[in-house]
Amino acid sequence: MRVVDEYGNPVRRLDYGPGATRRAIAGLMQPTGSTANPEPGRAAVVTSWRLFTTSPITARDRIQWQDRVFQVTGEPSWWSPRFGHTHYEANLTHVEG
């Protein structure tokens with residue numbers, strides 16, 4: 001959807017709310033790490049995950065899995081062997097707290 005920014009320019013605004021379109025994909029999720037924010041008064045925990053899937057995904061996608069919403073970190077990698085199925089790998093980040 002297009003909206004006007006604070007300078008009067010039309011920009012795209014991505015909608016990840018409950019009304020946004022969704023598609024189901026099959027994949028394998030693997031945790032890769034976790035860090036806690038030492039900032040006083042904040043108990044944020046940032047976890048990193050890796051997603052392997054045969055469905056195309058982009059850097060602007062959000063992944064919802066087990067009641068968590070992950071954002072794609074960077075551009076997903078894709079592997080297309082000469083014979084076989086193309087698969088995609090993406091680094092994901094989830095912030096809680």
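Two exercises with worked solutions follow.

The model is predicted, so local features require pLDDT of at least 70 and side-chain atom pairs pLDDT 80 or more, whereas totals for chains, interfaces and linings use all residues. Residues are numbered from 1 along each chain as its sequence is written, and side-chain values use heavy atoms, without hydrogens or water.

**Exercise 1.** Determine which residues make up the largest nonpolar core and which strands supply them.

*Solution.* Step 1: the chain has 0 helices and 7 strands (DSSP runs of E, at least two residues, numbered from the N terminus).
Step 2: the largest nonpolar core (buried Ala, Val, Leu, Ile, Met, Phe, Trp, Tyr and Cys residues joined through side-chain atoms within 4.5 Å) consists of 10 residues: Met-29, Trp-49, Leu-51, Ile-57, Ile-63, Phe-70, Val-72, Tyr-88, Ala-90 and Leu-92.
Step 3: strands E4 (45-53), E6 (68-79) and E7 (87-96) each supply at least two of these residues, and E7 gives the most, with 3.

**Exercise 2.** Establish whether Thr-53 is buried or exposed, and identify the polar contacts of its side chain.

*Solution.* Step 1: Thr-53 lies in strand E4.
Step 2: Thr-53 is buried because its relative accessibility is 4% (buried means under 20% relative accessible area, exposed over 50%, partly exposed in between, with a 1.4 Å probe and protein chains only).
Step 3: the Thr-53 side chain reaches the backbone oxygen of Ala-26 at 2.6 Å and the backbone nitrogen of Ser-55 at 3.1 Å. A polar contact is a pair of N or O atoms within 3.5 Å; within protein, one must be able to donate a hydrogen and the other to accept it, and residues adjacent in sequence count only if both atoms are side-chain atoms.

Note on methods: Helix = DSSP H or I, 4+ residues; strand = E, 2+ residues; numbered from the N terminus.
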